[in-house]
Amino acid sequence: MSGAAEIPQEYLAGYTRILSEVCTTGRRLTRDELEDRRALGERAADAGYGLRDLVSAHLKAARAAWPSLPGDPDSLLGGMHQAVDAVAEGYERAQRQAVRQEEAARREFIDDLLHGRSDLGRLAERAERFGLRLSHSHAVAVAHGPAAYDEGDPVARQVERALIARFQNRNTLLTTKDGRLLCVAPGDQPDVLTHFAKHSYAATDGGQVAIGRVQPGPGGVVQSYEEALSVLDLAERLELEEPVLYAADLLVYPVLTRDRQAMADLVLATLGPLTTARGGAQPLLETLTAYFDTGCVAAEAARRLSLSVRAFTYRLARIEQLTGASPTDPSHRYMLQTAVIGARLLDWPATPLRSA
């Protein structure tokens, strides 16, 4: 609204009468009168009128009535103060309720979007309200840190400010889910998710970010989101420390675990004999992990494990003796490395496995 004169008289109903009685008797507004003013403030807020215009309309009405009002100015000012304060309280109450309803609608939409529980056509309609066009392709980035975050958290607000400052509104959605930060961006704007990852890493004090692949259509958001979650779970299992992980770069791991029983059989058949070693399989499994993670450089792997090169090469020899496969032999290396990855994914030997 452009001015106070545009406030309809219905939102000032009874105001001058109250002022007249207050000036005549010197009394304060009654409880019912205050509640009526609050109700009018709520109605004005629901109708879309501005609080500034509403207050201005009350001041203008009081000024127009002043010459005909009895009593002293203090009574008039006191009555005005009470009435306007009650109107503002009702207005703010309506705004808080509207915010809560908006937050509830937003949370319900996000839950439906990320779990695919709603009709896709209806979901696409609701998405327009939050700046998403689900007919297009999208990708999702998920960030987690040492703490759980919600939308009111300073960390979430810090990342949101960084995105808005850089990109304004590019049909993106920044939210939280299960204590993680989450960004949904159009598939043709990868720079948005890169920027999100950069600022999430900084804001979460070194958290980790996973970015799902671009997926098309209304169901694409949930697919990309689930990919990002799987990458974070994979990173935890494999102890991947990179700050930003891309699902597209890690597709081999879902392939390896698609047949869980086949992977369990490979782990047991290849690495099972390590359990007979003194100290169990874990130290030798850590030896293989370090060896493969360093590109099969024994000296660097030994350093990571705080071992001498001699002690490390002894362990490699012991592994070959128990398994019949040499980590230094290219013909055996792929089988051993795949089995080591499987062991980490299946949490073996901490979690017992059964052969088919």
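Two strands count as a pair here if DSSP finds at least two bridges between them. Keep that in mind as you click around this predicted model.

**Stop 1: the whole sheet.** Select β1, β2, β3, β4 and β5. These five strands make an open sheet, and reading across it you meet them in the order β2-β3-β1-β4-β5, with mixed pairing. At the edges sit β2 (173-177) and β5 (244-246), each of which pairs on one side only. On average, neighbouring strands in this sheet are turned by 20 degrees against each other, ignoring direction.

**Stop 2: β1 and β3.** Now pick β1 (138-144) and β3 (residues 180-186). They run antiparallel, and six bridges join them. Zoom in on Ala143 and you'll find Leu181 of β3 opposite. How much of β3 is buried? Six of its seven residues are, so the strand is largely enclosed by the rest of the structure.

**Stop 3: over to β2.** Stay on Leu181 in β3 and look for Thr176, which also stands opposite this residue. Next, select Thr175: its bridge partner in β3 is Leu182. In total, β2 and β3 pair over five bridges, in the antiparallel sense. The hairpin they form has two residues between the strands, and Asp178 there takes a positive phi near 55 degrees.

**Stop 4: β4.** Head back to β1 and select Val142, whose bridge partner in β4 is Ala210. β1 and β4 run antiparallel, joined by four bridges. Now colour β4 (208-211) by face. Gln208 and Ala210 lie on one side, Val209 and Ile211 on the other, and all of them are buried, so to speak, from both directions: both faces of the strand are covered.

**Stop 5: out to β5.** Keep Ala210 selected and add Leu245, its bridge partner in β5. Which way do β4 and β5 pair, parallel or antiparallel? They pair in the parallel sense, over three bridges. To get from β4 to β5, follow the chain through helix α8 (residues 220-238); this β-α-β crossover is left-handed.

**Stop 6: the helices lying across.** Finally, show helix α6 (residues 154-167). This helix lies across β2 and β3, running at about 165 degrees to β2. Then add helix α7 (residues 190-203), which lies across β1, β2, β3, β4 and β5 and runs at about 165 degrees to β3.

Conventions
Residues are numbered from 1 along each chain as its sequence is written. This is a predicted model: local features need pLDDT of at least 70, side-chain atom pairs count only at pLDDT 80 or more; totals for chains, interfaces and linings use all residues. Side-chain values use heavy atoms; hydrogens and water are left out. Axes are lines fitted to C-alpha atoms, for helices over the stretch in contact, and angles run from 0 to 180 degrees between N-to-C directions. Contact means heavy atoms within 4.5 Å. Buried means under 20% relative accessible area, exposed over 50%, partly exposed in between (1.4 Å probe, protein chains only). A crossover is right-handed if, with the strands pointing away from the viewer, the path from the first strand over the helix to the second runs clockwise.
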